[in-house]
Amino acid sequence: MKRVLKWSALVILVGVGAWLFTAYWTSTNDCDHKIALMNPMKAIRYCEYGSPDDVLKLEEVEKPVPNDNQILVRVRAVSLRFFDGGMLQGGVGRLVFGLRKPRNTIPGSDFSGTVEAVGRNVTEFQPGEEVFGVRAGALAQYICVRHDGAVVSKPSNLSFEQAASVPTALVALQGLRDTGQVKAGQKVLINGASGGVGTFAVQIAKGFGAEVTGVCSTNNIDLVRSIGADHTIDYTKEDYTKGEQRYDVIYDLVNNHSFAERRRVLKPGGICVLAGIGGSGIHEDTLSRAVGVFTASFRSKFVHEKFVTFGVSFNTKDLGILRDLTESGKVVPAVTKTYSLSESAAAYKYLSTGHARGKIVITVE
């Protein structure tokens, strides 16, 4: 029996090794396939993994043509998400984006723009309509998006730069509403309140009627207060896990405290929403923070307080909710830096510091 088990294990290891070897060498992209362009457009491309300065290139590629179920969008702005920097660097992201080379060579996903053409089966949108949504490969002059995909009409009171940043708020909306189950009158702490997701989380939690405490650095106290936080904690001067306040919900975008420390400041039965690991980029403690997310989730199975992860759903319904919130002025996107398409490398470098303030947006000329 032991010999059979040993041989079975060996076969499995060989099989996994062969799969990894094959997957690695077949992981490629179309960067080396040079073709004559019939209708060129400009786009940012990255054909290899590496630093923004080394791999991001402004190139001409073929302009897409919408099929019967798609709309063609003239992109006006693209906002960066926390994971965009990790896409360029590879790392563990290679398991998703391609082991040897990135499969999709145009980055960016959160966009806003104007509908230029519609497929014959499309009735929801018309040429000239302003929209925003989520679509991989958005950092280009044009993209094609399914009419029933994650795209909705843009509020007239938002600029294209502001609208492009709104899809990021899906992380805050779903994390607070569905995972954290935030209710009116609760005390909610946002750890990482000045970042792209955090600035939305503060406002959405306030919209639910919660009493909100935002944790950020000294330079960002005024920003967090300006978007509605009832209280602020400067983490350079004070550790929120050592205070006397107890919270119904901790929305943790940083994950820089231990399970026991965070559990100490949760009310009995409270919820810690594990929503991030401290911004974009690969840092010295990125791996330990990522491990901390999974261990905290497991350990909470044995106590009354819950540490919960969640996956984001890019759906039209929730994008519509965010559109209504921004249109009414209840949520205001905190766009703090804008870059041109040709400055995309600089935008990614700033994002990858892990200390980006508010939302970063790239405008597409």
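This passage describes the fold, the packing and selected side chains of the structure shown above, which is a predicted model.

The protein chain holds 12 helices and 15 strands. Of its 365 residues, 51% are buried. Among the contacts in the protein chain with a separation of 6 or more, 68% join residues that are 24 or more positions apart.

A good place to begin is the open sheet, in which six strands follow the order β10-β9-β8-β11-β12-β13 with parallel pairing. Its edges are taken by β10 (231-234) and β13 (306-308); each has a single partner strand, so one side of each is left without a neighbour in the sheet. On average, neighbouring strands of this sheet are turned by 15° against each other, direction ignored. Within the sheet, β8 (residues 187-191) and β11 (residues 247-252) run parallel and are joined by four bridges. Residue N191 stands opposite D252 of β11.

Two helices can be placed against these strands. Helix α6 (residues 169-179) lies across β8, β11, β12 (266-274) and β13, and runs at about 150° to β11. Helix α7 (residues 196-207) lies across β8, β9 (211-216) and β11, and its direction makes an angle of about 170° with β8.

Two loops that follow elements of this region each contain a residue worth a look for its backbone. Most residues other than glycine have a negative phi. In the loop between α6 and β8, Q181 has a positive phi near 50°. Residue Q181 counts as partly exposed because its relative accessibility is 41%. In the loop between β11 and α9 (259-264), N255 likewise has a positive phi, of about 55°, although it is not a glycine. With a relative accessible area of 5%, below the 20% cut-off, N255 is buried.

Strand β3 (residues 70-79) brings together two further residues of interest, R74 and S79. Residue R74 is buried yet takes part in no salt bridge, and E116, the nearest side chain of opposite charge, is 5.5 Å away. That separation is over the 4 Å limit for a salt bridge. The side chain of R74 instead reaches the backbone oxygen of E365, at 3.0 Å. Beyond its neighbours within four places in sequence, R74 has contacts that include S112, G113, T114, Q141, Y142 and V364.

Residue S79 has a relative accessibility of 0% and therefore counts as buried. Its side chain reaches the backbone oxygen of A164 at 2.8 Å. Although S79 and D110 are 31 residues apart along the chain, their C-alpha atoms are separated by 5.5 Å. Leaving aside neighbours within four places in sequence, the contacts of S79 also include D84, S165, T168, K359, I360 and V361.

Helix α12 (residues 344-351) is mostly covered, with six of its eight residues buried. These are S344, A345, A347, Y348, Y350 and L351. They pack against β1 (40-45), α2 (52-55), α3 (84-89), β14 (335-340) and β15 (359-363). A salt bridge also involves this helix: the side chains of D53 and K349 meet at 3.0 Å, N to O. Since D53 lies in helix α2 and K349 in helix α12, the pair ties together parts that are 296 residues apart in sequence. Both partners are partly exposed, D53 with a relative accessible area of 46% and K349 at 41% relative accessibility.

In the whole structure, 17 salt bridges are found. One of them joins E305 and R263, whose side chains meet at 2.7 Å, N to O. Residue E305 lies in the loop between α10 (286-299) and β13, and R263 in helix α9, so the pair ties together parts that are 42 residues apart in sequence. At 7% relative accessibility, E305 counts as buried, whereas R263 is partly exposed, with a relative accessible area of 34%. Another salt bridge is formed by K242 and D239, whose closest N and O atoms are 3.1 Å apart. Here K242 counts as exposed at 58% relative accessibility, and D239 is partly exposed at 24%. Finally, R177, D178 and D318 are linked in a network of salt bridges.

Terms used
Residues are numbered from 1 along each chain as its sequence is written. This is a predicted model: local features need pLDDT of at least 70, side-chain atom pairs count only at pLDDT 80 or more; totals for chains, interfaces and linings use all residues. Side-chain values use heavy atoms; hydrogens and water are left out. Buried means under 20% relative accessible area, exposed over 50%, partly exposed in between (1.4 Å probe, protein chains only). Lys and Arg count as positive and Asp and Glu as negative; His and the chain ends are not counted. A polar contact is a pair of N or O atoms within 3.5 Å; within protein, one must be able to donate a hydrogen and the other to accept it, and residues adjacent in sequence count only if both atoms are side-chain atoms. Contact means heavy atoms within 4.5 Å. Two strands pair if DSSP finds at least two bridges between them. Axes are lines fitted to C-alpha atoms, for helices over the stretch in contact, and angles run from 0 to 180 degrees between N-to-C directions.
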